[in-house]
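Today I opened my notebook to look up where some charged side chains sit and which of them pair up. Here is what I wrote down, step by step.

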Amino acid sequence: AAAGGAGAAAALWSEVNRCGQNGDFARALKSVNKILQISKDDVTALQCKVVCLIQNGSFKEALGVINTHTKVLTSDIIAFEKAYCEYRLNRIENALKTIQSASQQTDKLKELYGQVLYRLERYDDCLAAYRDLIRNSQDEYEEERKTNLSAVVAAQSTWEKVMPEDLGLREATYELCYNSACALIGQGKLNEAMKKLQKAEELCRQSLSEDSDVTEEDIEAELAIIHGQMAYIMQLQGRTEDALQLYNQIIKLKPTDVGLLAVIANNIITINKDQNVFDSKKKVKLTNAEGVEHKLSKKQLQAIEFNKALLAMYTNQADQCRKLSASLQSQSPEHLLPVLIQAAQLCREKQHAKAVGLLQDFADQHPANAAEIKLTMAQLKIAQGSVTKACMILRSIEELQHKPGMVSALVTMYSHEEDIDSAIEVFTQAIQWYQQFQARANYDCFVFQPKSPVHLSLIREAANFKLKHGRKKEAISDLEELWKQNPKDVHTLAQLISAYSLVDPEKAKVLSKHLPSSDTMSLKVDVDALENSHGATYVRKKAGKLTGDNQQKEPGQGDVKKKKKKKKGKLPKNYDPKVTPDPERWLPMRERSYYRGRKKGKKKDQVGKGTQGSTTTGSSELDASRTASSPPTSPRPGSAAAVSATSNVIPPRHQKPAGAPATKKKQQQKKKKGAKGGW
């Protein structure tokens, strides 16, 4: 019976060996299980079972076998398989402990160690591990190790902003070109990165097209990650339309990489911002796919969560926004964005005071990030119209209060509030800071250092500001300091003399002696060239041909200017010198004393009254023979007689010339379009 069992085991081992060589690990597993039925503690059989389970993707079951037989499968025997199962099950910390506890560090463990360090984002240790592997191993996997090494360098450049060193890797594969492009993106060299990605695309097409089994769809799927990085560069360059189009093309391919889909969906959401919210709500589902957290870095996952909170704010989901931002703040208490999102949500709810209080509490708890928070607080105060309080907040930022940009902002705001004393105080404090800084520099170097350009610029701006607001005496000290630094500065000297002329004229006279003479200040300017230059407002007319009277006079002949004759004013055609002109003729008709307005509707009221053919107007009024042969003289305006008489008198400006035919008004009205029939 024992001999029969040994023969059966030998046959089973032969079957296991044959299936392993053929890659049929499912059938090999069945034979191994039969061997374990014969000898349940066979170490080799247990090892083979673990390997078969790993090859079939059953990592959890393989780890269960290892943990069940710890007495037989010690860490020295099965360390790599155990660490690999933990790595594939995303138990990265456990995998690291398993590798470090192994008594012997084999090449396989070192390879896995590098992968574990990369997933833990310990890039410096990872870089050292791969360098050691490349230096001490020579096999067919050297190209893969170099690819992993370039990926580590790209991650350092992207996430840690470390300047990558030149590894001297020959970019012969599209993976190496792609990683090199990612490193360039981290440095901000977008145009160079785009060229690298185009080269990577070309190499990828060439390598995959050599395989006859690879279809065009397979090539496009492989190129998806390269195209996604191209779209990201376009987005950074402001070409959002092109980036959006390429992003959507990748999504239509339905790639199996959930990490790639999540990144693309997040980038589309950032392009949409507060617009196209419905599309963003659809895209955000791609960021929630299973396994995304194991495919992306911590910073990528954090950025996605930030955008989810912002999208909730844009879609008026206040509770969801607060929940997400509070969760982010608990994960990263020192990070700025969660508290800024919460403050923005409060502002949307018109709770500005509460938002400022929230920001103030954060600034007190995290002084290192107080500057950015206080800038936001100042912006909120300005939006509320509290400019003075905003200035107080800005002046409390010690590391920025002497910066030229901050000084300019504060002076502008104080000027808007007409608080000139505070504006001058801002200038004074900034100038004093630079003076103290220069004193420290002189003490450290034991050599006199001239004032910095920023220091001199602040002094000049302070002097100009004081002169503008009438603070001559205060401006004089600043101008004297500037002139002392550069005695050849004529502009500063002129300002100083101008200021002293209002305060101390004698001093102004003394300083005026330092002005250069008019001869030295004369500028040799080509007037013709200046007038003909581009942008000149005056263009001299080109001289035409001189003929007749326009010819130049002989030398010595005096030039006599002709006096221009004044043109006589034109009189009206119906002007009568016997008639006194209306003194109110220059006033508009409505402003004249005798104007009584138009009698509206007079003719309309008279139509249709009486029998047919009869009129209401007396025949005597229509008899032309009864009118006066000569027009009466214009009476004095304002009298009773003037009011009645001027109704029949036409002022000279309105009189028609004698013999002029009267124009008839057209009484026929145009028919409206579309009207039927007639009257």
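**Entry 1: Glu-222 and its neighbours in charge.** I started by finding Glu-222, and its place is in helix α12, which covers residues 216–236. I kept in mind that I was looking at a predicted model. Is Glu-222 buried or exposed? I found a relative accessibility of 35% for Glu-222, so it counts as partly exposed. I then saw that Glu-222 belongs to a patch of negative charge on the surface, together with Glu-140, Glu-143, Glu-144 and Glu-175.

**Entry 2: salt bridges.** Next I turned to charges that meet their opposite. Side chains of opposite charge can pair when their charged atoms come close. How many salt bridges does the structure hold? I noted 20 of them.

**Entry 3: Asp-139 and Arg-145.** I picked this pair because the two partners are covered to such unlike degrees: Arg-145 is buried, with a relative accessible area of 5%, whereas Asp-139 is partly exposed at 31%. Being under 20% is what puts Arg-145 in the buried class. In their salt bridge, the closest N and O atoms are 2.7 Å apart.

**Entry 4: Arg-471 and two acidic partners.** Which residue forms a salt bridge with Asp-421? I found that it is Arg-471, with 2.9 Å between the closest N and O atoms. This pair links distant parts of the chain, 50 residues apart. Asp-421 lies in helix α23 (residues 420–445), while Arg-471 lies in the loop between α24 (453–468) and α25 (472–485). I also wrote down that Glu-474 forms a salt bridge with Arg-471, and here the closest N and O atoms are 3.5 Å apart. For cover, I noted Arg-471 as partly exposed, with a relative accessible area of 23%. Glu-474 counts as partly exposed too, at 33% relative accessibility.

**Entry 5: a network.** I then looked for salt bridges that join up. I found Glu-201, Arg-205, Glu-216 and Glu-220 linked in a network of them.

**Entry 6: a record to compare.** Last, I checked the UniProt annotation. Its unreviewed entry gives "repeat: TPR" for residues 224–257. In the model, I found this span to be 76% helix and 0% strand. The C-alpha atoms at the ends of residues 224–257 lie 10 Å apart.

Note on methods: Residues are numbered from 1 along each chain as its sequence is written. This is a predicted model: local features need pLDDT of at least 70, side-chain atom pairs count only at pLDDT 80 or more; totals for chains, interfaces and linings use all residues. Side-chain values use heavy atoms; hydrogens and water are left out. UniProt positions are given in the numbering used here, feature names are shortened, and annotations may be inferred rather than shown by experiment. Helices (H or I, at least four residues) and strands (E, at least two) are DSSP runs, numbered from the N terminus. Patches are made of residues with over 30% relative accessible area and no salt bridge: like charges are joined within 9 Å, nonpolar side chains (Val, Leu, Ile, Met, Phe, Trp, Tyr) within 5 Å. Accessible areas come from the Shrake-Rupley method with a 1.4 Å probe; for residues, only the protein chains shown count as cover. A salt bridge is a side-chain nitrogen of Lys or Arg within 4 Å of a carboxyl oxygen of Asp or Glu. Lys and Arg count as positive and Asp and Glu as negative; His and the chain ends are not counted. The place of a charge is taken as NZ of Lys, CZ of Arg, CG of Asp or CD of Glu. Buried means under 20% relative accessible area, exposed over 50%, partly exposed in between (1.4 Å probe, protein chains only).
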